Number of protein chains: 2
Amino acid sequence: MTLKLLASTAALACALLASPLHADVLIDNVEGLTIDKDGKVKRFAAIVIDDEGRVSQLLAAKDKRPRTDYREDGAGRVMIPGLIDAHAHVMGLGIGALTLDLSDTNSLQEALAAIARFAAENPARPWILGRGWNQEKWGLGRFPTAAELDSAVSDRPVYLERVDGHAGWANGKALEAAGIVAGTKSPDGGRIERASGSQMPSGVFVDNATTLMTAAIPAPRPAERDLALDAAQKILHKFGITGVADMGTTIEDWQAFRRAGDTGRLHVRIMSYAASADAMELIAGARPTPWLYDDKLRMNGIKIYLDGALGSRGAWLKAPYSDDPGNTGLPLTDSARLRNVMVRAANGEFQTAVHAIGDAANAEAISAIAELSESFTGDRRWRIEHVQIVDPADLPTLGKHSIISSMQPVHQTSDRTMAEARLGPNRLDGAYAWNTILRYGGKLAFGSDAPVESPDPFAGLAAAISRTGPDGQPFGGWRPQERVNREQALAGFTSDAAFAGFADGRFGRLLPGERADFVLIDRDPLLATPEELRATKVYETWVGGRKVYDAD
Amino acid sequence: MTLKLLASTAALACALLASPLHADVLIDNVEGLTIDKDGKVKRFAAIVIDDEGRVSQLLAAKDKRPRTDYREDGAGRVMIPGLIDAHAHVMGLGIGALTLDLSDTNSLQEALAAIARFAAENPARPWILGRGWNQEKWGLGRFPTAAELDSAVSDRPVYLERVDGHAGWANGKALEAAGIVAGTKSPDGGRIERASGSQMPSGVFVDNATTLMTAAIPAPRPAERDLALDAAQKILHKFGITGVADMGTTIEDWQAFRRAGDTGRLHVRIMSYAASADAMELIAGARPTPWLYDDKLRMNGIKIYLDGALGSRGAWLKAPYSDDPGNTGLPLTDSARLRNVMVRAANGEFQTAVHAIGDAANAEAISAIAELSESFTGDRRWRIEHVQIVDPADLPTLGKHSIISSMQPVHQTSDRTMAEARLGPNRLDGAYAWNTILRYGGKLAFGSDAPVESPDPFAGLAAAISRTGPDGQPFGGWRPQERVNREQALAGFTSDAAFAGFADGRFGRLLPGERADFVLIDRDPLLATPEELRATKVYETWVGGRKVYDAD
C-alpha cells in the first residue's frame, strides 16, 4: 500500500468509526465471556459501558436492561476482551507495513522477483527496505548473497532484515553506502558473513554486525513514523488486538506514540519498554510515567537484550549448537552490565524485561533476578522475554520469584524443526515449557513478537492449546505435555498480559471499572478446535467503549 | 538551596497551594485591569472563574454578583493579567537556580570567594557549575583566567558561563577533562582565548568554542531536570509570571515539561521553540503540537541562532566593532542554511524565531523573512529575538511584514554603556528602537532573556517606559524617544507576548473565555513611577483559576 493511499484510508477509517463518546452504551444479545478476577471464566449476555468508556455492568440474559443513550444488538456474536499482545514491536510492525514483506516467499527466486517488483513500484524511495526472508524456509541451506540481490536491484541500496530481525541482507550499493569492504572487521557480538575462501563480505550481517548496515540507512521522518503507527494500529485492530507491550521503545517511537495521543489518534493501549537505559530516562525521568491518555500509554520499564535468536545461532547456549559445534552463541550484555542496568531500573521502580532465548541466557536472567529480588522487594513483576530454551534445572526458580515468562506460542510451532536441529534431541525438556512454568508457579504472558511473526492472536491461542502448526503438524502436538488449557491461553492473551504490564484492573478483563476493550467474533474460543480458532473472524474491535474496527 | 531542601519545599508548596478545581470562583473587590481586544485598557472590580479555570465574567463595582462555589475578597488589591515572558530559557533558569550564581559579584576577588565557598558547601558534586560572571561589571578590563579560578578550586573541574551565555570560564581540571591543550584550534564561529604571547588557552571560551567545554560536562540527570523545572516555576510565579516562551527547547527540556504536565506539576504556560530543526521534528513531528495540558504547553516552532551577543563581540555587525577594529562578529548560521531551516519549519506551519543582535544579523533575518513571506503567506508571525541593533534603513521592513520583534527592555538599560563602547556614537539610531518599530507597524513582545537577566517583569516594565536603569540613570532616559507608553509596555508583557506565541484568545488577557491567569499586586502599573514599578509587590499568582503562589 502506498503512503498516500494509506493516509487517506486511515482518515476515512477515523471518520467512519468515530463512535459517540460521553454517552452510555448497552450492547445486548452477545455471547460474552471474560477471565474473571479468580482466573475463571465468567459469561454474560449484555454489557453496559459508561460515559468514560469503562464497563459499568455485565448482565445475564434474564437481567433487566438499564436505560442508556445508545443501544446496540450484538446479534448473538461472541464478545471477548480485547486481545493483548505481551511482546511486539509496534513501530516495527507499522514501518514493516510500509516496506517490503518477504515473509510469504518460499524460494530465493520468488523473493528476488518480489524485490524487483517492489523497487519498480517505488521509484522515488532512495533505499529499498524490507524484512521477513528466511533461508531455512526457502530450503536454501545457506545465506543468500549480495550478488544475488544485485540481480534484482542494482540501481539503489537494498537492505532486508531476516524474519527474526537478527540478520540482514544487503546488495552491492548498500555495502558501498555503509563503507563495507574486505577489511571490515566483525564487531563484538556480531558476524559479517564472508564468501567462502575469501575476505569479501558476502552480503549478510548477523546480530551486532547488522548495526554496520542499519547505521547507514536514513532514519524515517516523523511524518512517516506517524503513518507507520496508524498502519500498525489498523493491523492490530483487524486482529482484535487492543493492547500491546512495545518491546524496545526509542525516543522516536515514543514521540510518535505521544503525537498520536495528543491528537486523538492513539487507539491501542501501549505498555512501553524502553530500548535502552538512556531512552528510559530520557522518556520517563526518574520513575515510570503515569498512565497517559486514559490508560492508553505508559512507560513501564526497560527491555534488555541478553542474547540473540536461535535461527541465526545468536541465542546464548550452555553447550555448543548441535548443528554448529564450537559455537555457543553470544551474550549481548555482560553480567556486570546486566545487573547495573537492572539495578538502575529497579531503583526507579521501573520494570525490567530481559530478552533471553538460549538456556545460558535464561540461566543468567533468572540468576540476576534472583539476586535482585533480595534487595528489591514488593511487586516487581520481573519479566523474561521469550524464555525459549531453559535448562530444566532453572525452571523452578521462575516460579520461586514469580517471574513473568513472556512467551510467543507461535514461535514454538514455527521454530520446532529448527530448534531440534540447533539443540539436538537431548536439550528440549525445557523448550517452550509453558505448562511446566505454570506448574512451578511461574506466570505466563502471551504475545506474537510481531513483526517477527504475524500478530494474529488466534493463531497464538491455537498454538498454545495444541502445540501444532497451521498444517496440524505434528499430530498430537510437539511435546504436548507443555500445552496450556483454553482458559490459560485466553488469560495469557488478555488478563495475564495486562498483569505483566501493570495494567491489571485497568484493562484485560471485561469487569465493571475496567476499560471497555472488546472484540466481537464469530466463534467461542473456549469451544473451537485449533483449526477453527485460526479461522476466527473478527467482526468488530472496540477500545475504551469506542468502535475502532468494523469488518463490514 | 540544596536539592533535597528544594524538593521538600516544592512538595510543601504544592500541598499548601492546591486550590479547589472544578468549582466556580468569584474574586471580588479588586482594582482589576487588562488589555482589551482593541489594545485599550479595561478595568473591572470583580472576576468570575468557571470550573475549567477560565474567566467567565468581569464585573463592575455596581454589577450584581453571581452565586459561586467559592468567593474571595481581593481586599482592594490590584489585579492584572499574569505576566508573560516572551523570551526566556526555562530550564536554564531552573538549573541556574540549582548552581552557583555569580551575577551579584562586583569583582574578581568577590567571585573567587563565592566559588570557593560554593565548592566547599557542595563536596559531592563532581563538577562545580555556575553562571553570571561579567568582567565588565568587575572593571577587570580583560577576561579572567584558569589560573585565577584554580586559586579558588583546584580539586575538581569548574566551568562558569558568562552573564550573556556567550562565553565560559574554565579552571585547570576542566581544561584537562575537556582535553584542551596548546594545540587545540578554535572552532568556526568561536574563539579560545590564549595567554598573551602564548598558544596556551587562558581559560575563557567564546561563542562556538564554548561547546568544547560544555561537551565535557556530564549532562544533568532527569531527576535533576525535574527539580530544576520546579525551581524555575517557583521563581517565575514569585515574579508574577504565568507564561513564557522557552527559547531553545531540547528534547531533554521537552521531556521535563511533559513529565511535569503528565504528573500535574506544570503550572506555567510554556510556548516552546525548539533548539534545532532535529529537536523540532523529534518533538513535534511534521506539525506543531496541539496545545497540551489545558493550554499549558505547545511546541510552536524553532529558535535559530543567527549571531552571538554584543558583550562577547559575537553579535554580527555590518561594520567592525568600534572597540575592536577588524572584528565584525560572526554569523553562526550561513545564509543558505538559515533559509533551508526556515523553509523546513514553514513547510510544517512551524513558527521561526531568529536570534539576531547585530545590525548585519538583523538585516539578514529581515531579508530572509521578506523572501519567505512571498511563498509562505497567511498568519505566520515571523519572530526576531532581541532585535538589538538594527540599521535604520532596515526598520521599515519589520513593519511591512508584520514581523514580531521579541525584545528585552532590561537589556537596553544593562547594556547601554557597553553598546556605546561596542558601536560608537553613530550606530545607535536603530538600537533597542521599540517605539520606532511600533511606528513602522511592527509588533513588539517583551521578555527578560532569563537567566541572562532576572525574569522580573516589573523591572522590564520600568525600563520599557523610562529607558532608565534601577539607579534612575541616565536622567530622562537613554534615547528616550524609543520609550513605549504604559499600555504598550503592559501589552508587551501580556497580550502581545501571547500573540507572539499564537496564544491570543487562550491567555494574556482577562477576558471571558481566556484562562484565568492573573496576579494580585500592591500598585497600579499604569500609574506607578518607574521606581515604584520596580518595587511592586506580588501578593498572589494564579494560573488557570488556581493559586500557585502566595507571598504570605
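Start by selecting Leu33(A) and Arg43(A): Leu33(A) stands opposite Arg43(A), which lies in strand E3(A). Strands here are DSSP runs of type E with at least two residues, helices are runs of H or I with at least four, and both are numbered from the N terminus.

This is a predicted model, in which local features need pLDDT of at least 70 and side-chain atom pairs count only at pLDDT 80 or more, while totals for chains, interfaces and linings use all residues. Residues are numbered from 1 along each chain as its sequence is written, and chains are lettered from A and ligands numbered from 1 in the order in which they are written.

**Strand E2 of chain A**

Extend the selection to residues 31-35 of chain A, strand E2. Four of the five residues are buried, where buried means that 20 or more other C-beta atoms, placed from the backbone, lie within 10 Å of the residue's own. Add residues 41-44 for E3(A), which pairs with E2(A) in the antiparallel sense over four bridges; pairing requires at least two bridges found by DSSP. Five residues lie between these strands in the hairpin, and there Gly39(A) has a positive phi near 85°.

Next select residues 78-81 of chain A, strand E7, which runs parallel to E2(A) and is joined to E2(A) by two bridges. Glu31(A) has Val78(A) as its bridge partner in E7(A).

**Confidence**

Colour chain A by pLDDT, the predictor's confidence in each residue from 0 to 100. The average is 94, and 96% of the residues score at least 70. Residues 1-20 of chain A fall below 50, and this stretch has 15 contacts in the model beyond near neighbours in sequence. A contact means C-beta atoms, placed from the backbone, within 7 Å. Where pLDDT is low, the predicted coordinates should not be read in detail. For the model, ipTM is 0.81 and pTM is 0.84.

**Between the chains**

Now show both chains. The contact takes 17 residues from chain B and 17 residues from chain A. On chain B, select helices H7 (222-238), H8 (251-262) and H9 (277-284), each of which supplies at least two residues of the side touching chain A. H8(B) gives the most, with five residues.

Finally, superpose chain B on chain A by least squares on the C-alpha atoms of residues with pLDDT of at least 70 in both. A rotation of 180° with 0.0 Å of shift along its axis does this at an RMSD of 0.1 Å. The two copies are therefore related as by a two-fold rotation axis. Select Ile251(B), whose C-alpha comes closest to the axis among the residues of chain B, at 4.6 Å.

Methods. Contact = placed C-beta atoms within 7 Å. Buried ≥ 20, exposed ≤ 12 C-beta atoms within 10 Å, placed from the backbone.
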